[in-house]
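Before reading on, please take a moment to look over the chain shown below. The paragraphs that follow lead from the whole fold to a few single residues.

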Amino acid sequence: MGYLILSLVFATIGNISVKLSSGFQRVIPSITAFVFIGACLYFLTLSVQTLEVGIAYAIWSGVSIMSTTIFGILLFNEKASRRKFLFIILIILGVMIIK
C-alpha cells in the first residue's frame, strides 16, 4: 500500500506540473511533469505486485482525480461546483465499494 501512496503523491505533483508547463512550453515544469509521472508509474507498477491490479488502479484513479481536482481549485482558481464535488464523492464511494 505504501507504493500506491507514493504513486498517488507523484501523480498529483505530475498533474500539477502538466498544468504549470503551459502545454509543455515551459521547460522546468515540463521536465518535472515527466519525472513525476514516470515515478508515479514506477510505484504503481510496484504496488500491483502485492495488490490486485483492479483494486490498485481503482484507488489510484479515484484518488488522482480527487486530488488533482482539489489542487486545481486551490492553486489555479478552477471552478468549484456542487456537481463537481458530487461526482468526486461518487468516485470515492465507488472505490470504497470495490475494495
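Two residues are said to be in contact when heavy atoms of theirs lie within 4.5 Å. With that meaning in hand, one can say that, among contacts in the protein chain with a separation of 6 or more, 60% are accounted for by residues 24 or more positions apart. The model is a predicted one, and its secondary structure comes to four helices and zero strands, so that the order of elements, read from the N terminus, is α-α-α-α. The C-alpha trace spans about 40 × 35 × 15 Å along its principal axes.

How much of this chain is buried, and what does the chain expose? Of its 99 residues, 33% count as buried, while the exposed area is about 6500 Å², of which carbon and sulfur atoms supply 72%.

The interior can be approached through the largest nonpolar core, which has 13 residues, and in which L4, F10, C40, I59 and W60 touch the most other members. Each of the helices α1, α2 and α3, the last of these covering residues 53-76, supplies at least two residues of this core, and α2 gives the most, with five residues. In soluble globular proteins, nonpolar side chains tend to be buried together. For C40, when its neighbours within four places in sequence are left aside, the contacts are with S7, F10, A11 and W60, and two of these partners, F10 and W60, are also named among the core residues that touch the most other members.

From the core one can turn to V35, which has its place in helix α2, residues 27-47. Is V35 buried or exposed? V35 counts as exposed because its relative accessible area is 51%, and the cut-off for that word is over 50%. Between V35 and F10 there are 8.9 Å in space, C-alpha to C-alpha, although the two are 25 residues apart in sequence.

A contrasting case is S21, which is found in the loop between α1, residues 2-20, and α2. Here the relative accessible area is 0%, and S21 is therefore buried, since that word applies under 20%. A polar atom of the side chain of S21 lies 3.1 Å from the backbone nitrogen of F24. Beyond its neighbours within four places in sequence, S21 is in contact with R26, P29 and S30.

Conventions:
Residues are numbered from 1 along each chain as its sequence is written. This is a predicted model: local features need pLDDT of at least 70, side-chain atom pairs count only at pLDDT 80 or more; totals for chains, interfaces and linings use all residues. Side-chain values use heavy atoms; hydrogens and water are left out. Buried means under 20% relative accessible area, exposed over 50%, partly exposed in between (1.4 Å probe, protein chains only). Accessible areas come from the Shrake-Rupley method with a 1.4 Å probe; for residues, only the protein chains shown count as cover. A polar contact is a pair of N or O atoms within 3.5 Å; within protein, one must be able to donate a hydrogen and the other to accept it, and residues adjacent in sequence count only if both atoms are side-chain atoms. A nonpolar core is a set of buried Ala, Val, Leu, Ile, Met, Phe, Trp, Tyr and Cys residues joined through side-chain atoms within 4.5 Å.
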